[in-house]
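Could you walk me through this model in the viewer, one selection after another? Please tell me what to pick at each stop and what I should find there.

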Amino acid sequence: MSEGEKTIEYTPTWVVAVVCSVIVFISLVAERILHFFGKYLKKKNQKPLFEALQKIKEELMLLGFISLLLTVFQDRIAKICISQDLAHQWLPCKEKKEVTTEHFQTLFSSFLPNGNGRRLLAEAANSTAYCTAKGKVSLLSTTALHHLHIFIFVLAVVHVTFSALTIVFGSTKIHQWKNWEDYAKGMEDDPEGVVETKITQVQEHDFIKGRFLGIGKNSEIQGWVYSFFKQFYGSVTKSDYITLRLGFIMTHCRGNPKFNFHNYMMRALEADFKKVVGISWYLWAFVVIFLLLNFVGWHTYFWIAFIPFILLLAVGTKLEHIITQLAQEVAERHMVVTGELVVQPSDNHFWFNRPRLVLRLIHIILFQNSFEMAFFAWIWVQYGFNSCMMGQVRFIIPRLVIGVFVQFVCSYSTLPLYAFVTQMGSSYKKAIFEEHIQEGLVGWARKARKKNKGSGFKRSSNESSQVGPKEESPLVFEMDKVNGKESSSSAV
């Protein structure tokens with residue numbers, strides 16, 4: 001038995017013990033870091049972010065399972081034989097007569113024993129010989145499986161990292177709006193506004209002057225063009241924030257004019273983070289389709305970069321246009337209003353009357369951009385910059401520029417716009433309540449429903465002062481309904 005083919009039977013025990021110790025130590029450190037970070041989030045009452053952390057753990061568990069499957073079945077997969085003609089179709093690169101093995105030595109192999117590369121080559125040779133004896137070739141070599149294994153790991157890590165960076169940068173931008181929230185509350189505390197009835201000239205209002213572009217077909221086209229460019233500079237202004245905030249409060253919280261809209265918006269964004277950081281089935285389907293179509297001559301790796309780019313521009317333009325539509329509605333209906341100018345939130349302004357569809361699109365944008373960057377990094381490290389899969393420099397530079405652009409604009413413009421504008425739907429999110437109130441209301445509503453489904457509950461006339469299931473506020477049942485919708489959407 002040669003030096004590179006030693007099994008664990010002929011490996012020194014101290015080598016096995018050292019390698020196992022290092023692996024276990026790294027795993028325990030990573031687990032402890034996640035554990036203490038979770039305890040910190042719970043201590044700070046950041047339940048949405050804690051749930052996002054749990055989602056990350058689920059993704060890591062899924063990765064571990066995929067890794068286990070690839071490891072256990074790699075020999076069997078390598079011994080699945082296909083015909084020569086089938087093996088030469090839809091190749092990512094043109095075949096060379098002499099195949100070198102330099103690309104087998106990767107950055108990751110430097111952390112493994114020196115015999116690991118030779119072991120992979122030996123296993124690849126065995127599987128090749130098995131199929132060659134039958135006049136066929138291996139479906140997927142052991143080395144190719146190893147590279148695919150690394151790619152899936154890199155993809156998941158890059159996606160989680162990019163999603164977290166997007167949320168952090170987006171939250172930083174939203175925190176800058178806190179001054180506008182304080183200013184709006186200060187206006188409500190103004191004693192002069194209580195004594196005098198305010199008359200607002202609609203056309204002179206800052207919100208209308210900044211957003212209303214006139215009436216007619218030409219103004220509609222101008223509105224879309226204006227919205228397209230608006231997403232890149234001053235996407236949300238002070239007058240936008242104050243006006244839309246008031247519209248939300250007058251629609252959903254009329255009894256609480258001092259409602260903290262900024263805190264609600266941040267809680268809603270944190271709750272959405274756990275959906276963005278995950279990798280849903282349709283995203284894995286996208287990975288499979290890309291791997292299928294990435295054959296020589298199509299330059300799929302280049303064209304795929306335009307998908308998140310186009311989606312990003314479309315989503316940003318739509319969100320900006322919704323603000324313009326709200327201004328258009330008020331300006332067309334009124335010349336003068338008594339009191340403050342109030343917009344009317346509605347689902348009709350969103351695609352297919354579904355505000356949450358925007359979150360799905362942002363999820364796709366972030367994942368596809370992460371996929372593009374992960375694929376670039378993986379090819380560079382695994383095969384080198386001159387690999388045929390990397391493509392020509394004239395294709396590489398636009399891909400990198402688009403990737404950086406998408407990440408920057410999504411963090412500082414599109415995500416804050418989403419957090420702000422999607423509150424202009426017909427309904428509100430459960431984040432409108434503090435966490436302990438959410439749990440109390442949902443539990444209260446569910447108990448009431450269970451009692452109502454029972455044998456029936458009848459109150460006598462002398463129990464009119466007591467609170468029974470029939471006295472539940474519609475707000476409570478709506479809260480239970482919203483909770484059910486969000487739970488079902490997160491399971492998709």
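Start by selecting P355 and showing what surrounds it: apart from its neighbours within four places in sequence, P355 is in contact with D347, F350, T422 and G425. This is a predicted model, so read every stop with that in mind. P355 sits in the loop that runs between β4 (336-338) and α15 (357-383). Is P355 buried or exposed? Its relative accessibility is 16%, and P355 counts as buried because the cut-off for buried is under 20%.

Now add Q423 to the selection and draw a line between the two C-alpha atoms. P355 and Q423 are 68 residues apart in sequence, yet their C-alpha atoms are 8.4 Å apart in space.

Stay in this loop and pick S346, which also belongs to the stretch between β4 and α15. Which residues does S346 touch once its neighbours within four places in sequence are set aside? They are M424, G425 and S426. G425 is worth keeping on screen, since it appears among the contacts of P355 and also among those of S346. With a relative accessible area of 14%, S346 is buried. Show its side chain next: a polar atom there lies 3.2 Å from the backbone nitrogen of N348.

Two more residues in the loop deserve a click, this time for their backbone. Select F352, found between β4 and α15, and then N353, located in that loop as well. As background, most residues other than glycine have a negative phi. F352 is not a glycine, but its phi is positive, at about 55°. N353, not a glycine either, has a positive phi of about 55°. Switch on the surface and compare them with the cut-offs: F352 is exposed because its relative accessible area of 71% is over 50%. N353, at 42% relative accessibility, counts as partly exposed.

Next, move to helix α14 (residues 306-333) and select H321, which is found there. What is around H321, beyond its neighbours within four places in sequence? Look for E220, G223, W224 and S227, all in contact with H321. H321 counts as buried, at 3% relative accessibility.

For a helix pair, colour α11 (residues 261-276) and α16 (residues 393-421). Two packed helices are described by the angle between their axes and the distance between the axes. Here the axes of α11 and α16 come within 9 Å and cross at roughly 115°, and α11 passes α16 in a right-handed crossing. To see the contact itself, show the side chains of F261, M265, L269 and D272 on α11, together with L415, Y418, A419 and F420 on α16. By class, this contact has 7 nonpolar residues, no polar ones and 1 charged residue.

Now for the cysteines. How many disulfides are there? The count comes to 0. Select C20 and C253 to look at two different surroundings: C20 is partly exposed, with a relative accessible area of 43%, whereas C253 counts as buried at 9% relative accessibility.

Finally, zoom out to the whole protein chain. Its secondary structure comes to 18 helices and 4 strands. Of its 492 residues, 42% count as buried. Among contacts with a separation of 6 or more, 82% come from residues 24 or more positions apart.

Notes. Residues numbered from 1 in each chain as written. Predicted model: local features only at pLDDT ≥ 70, side-chain atom pairs only at ≥ 80, totals over all residues. Heavy atoms only, no water. Axes fitted to C-alpha atoms, helices over the stretch in contact; angles between N-to-C directions. Helix = DSSP H or I, 4+ residues; strand = E, 2+ residues; numbered from the N terminus. Left-handed = near helix turned anticlockwise from the far one by under 90°. Contact = heavy atoms within 4.5 Å. Nonpolar A, V, L, I, M, F, W, Y, C, P; charged D, E, K, R; others polar. Disulfide = S-S within 2.5 Å. Buried < 20%, exposed > 50% of the residue type's maximum accessible area, 1.4 Å probe, protein only. Polar contact = N/O pair within 3.5 Å; in protein donor to acceptor, adjacent residues only side chain to side chain.
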